[in-house]
Structure formats: structure tokens, C-alpha cells
Amino acid sequence: MAREARGRVGGLFLFRSSAIDFANRQSAPARCALVFPAETFELDVANRGNPLGALAARWLSGVKRRLARLAR
């Protein structure tokens, strides 16, 4: 996860290098401090992720219900 100190901008990243690139782009032309926690942490930001994720979850839920009905 990369997040601006005041929580105005951020995101979740699969690769550490992607988070570093994001942080560097967001702080340009100045640089920023990077912190890498050694332990697990809880996210304190609202989830405003890709809206297609919610759509896919609803679709998958519908498919599961239909398959369950067919299995009866």
C-alpha cells in the first residue's frame, strides 16, 4: 500500500516497486519519505477501488446462486 501522509491519495499495489514508482510520481518534483512496516497493519482508508470489482462480485454471486439451484 502507498498512501500520502494526509490520506488524500494512495493505492494498493501488488509489487513493492509499483508502490515506490507511484510515491515518486505523486511527490515529484520533490521526493518523499518511504516507510515499510515490518509487521501487519490495518488499512484506515475508504475503499474507492475499481467499480468493476463490485460488479464482478455481484455477477459471481449470481452465478453461484444459479449453480446451487441447478445442483438440487
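**Figure 1. The elements of the protein run β-β-α-α from the N terminus on.** This is a predicted model. Its secondary structure comes to two helices and two strands. The protein has 72 residues, and buried residues make up 8% of them. Its accessible surface comes to about 6,700 Å². Carbon and sulfur atoms account for 57% of that surface.

**Figure 2. Helix H1 covers residues 16-27.** H1 has twelve residues. From its first C-alpha to its last, H1 reaches 17 Å. That is close to the 16 Å expected at 1.5 Å a residue.

**Figure 3. Four residues of H1 in close-up: Ala19, Phe22, Ala23 and Ser27.** Each of these residues is buried. Seen down the axis of H1, the buried residues fall within an arc of 120°, so they line one face of the helix. An α-helix has 3.6 residues a turn, so residues three or four places apart point the same way.

**Figure 4. Strands E1 and E2 help to cover the buried residues of H1.** Strand E1 is formed by residues 2-3. Strand E2 is formed by residues 10-11. Both are included in what covers the buried residues of this helix.

**Figure 5. Arg16 lies in helix H1.** Arg16 is exposed, because its relative accessible area of 54% is over the 50% cut-off. Arg16 and Phe36 are 20 residues apart in sequence. In space, Arg16 and Phe36 are 9.5 Å apart, C-alpha to C-alpha.

Technical notes: Residues are numbered from 1 along each chain as its sequence is written. This is a predicted model: local features need pLDDT of at least 70, side-chain atom pairs count only at pLDDT 80 or more; totals for chains, interfaces and linings use all residues. Side-chain values use heavy atoms; hydrogens and water are left out. Buried means under 20% relative accessible area, exposed over 50%, partly exposed in between (1.4 Å probe, protein chains only). Accessible areas come from the Shrake-Rupley method with a 1.4 Å probe; for residues, only the protein chains shown count as cover. The expected span of a helix is 1.5 Å times one less than its number of residues. The arc is that of the directions from the helix axis to the C-beta atoms. Contact means heavy atoms within 4.5 Å.
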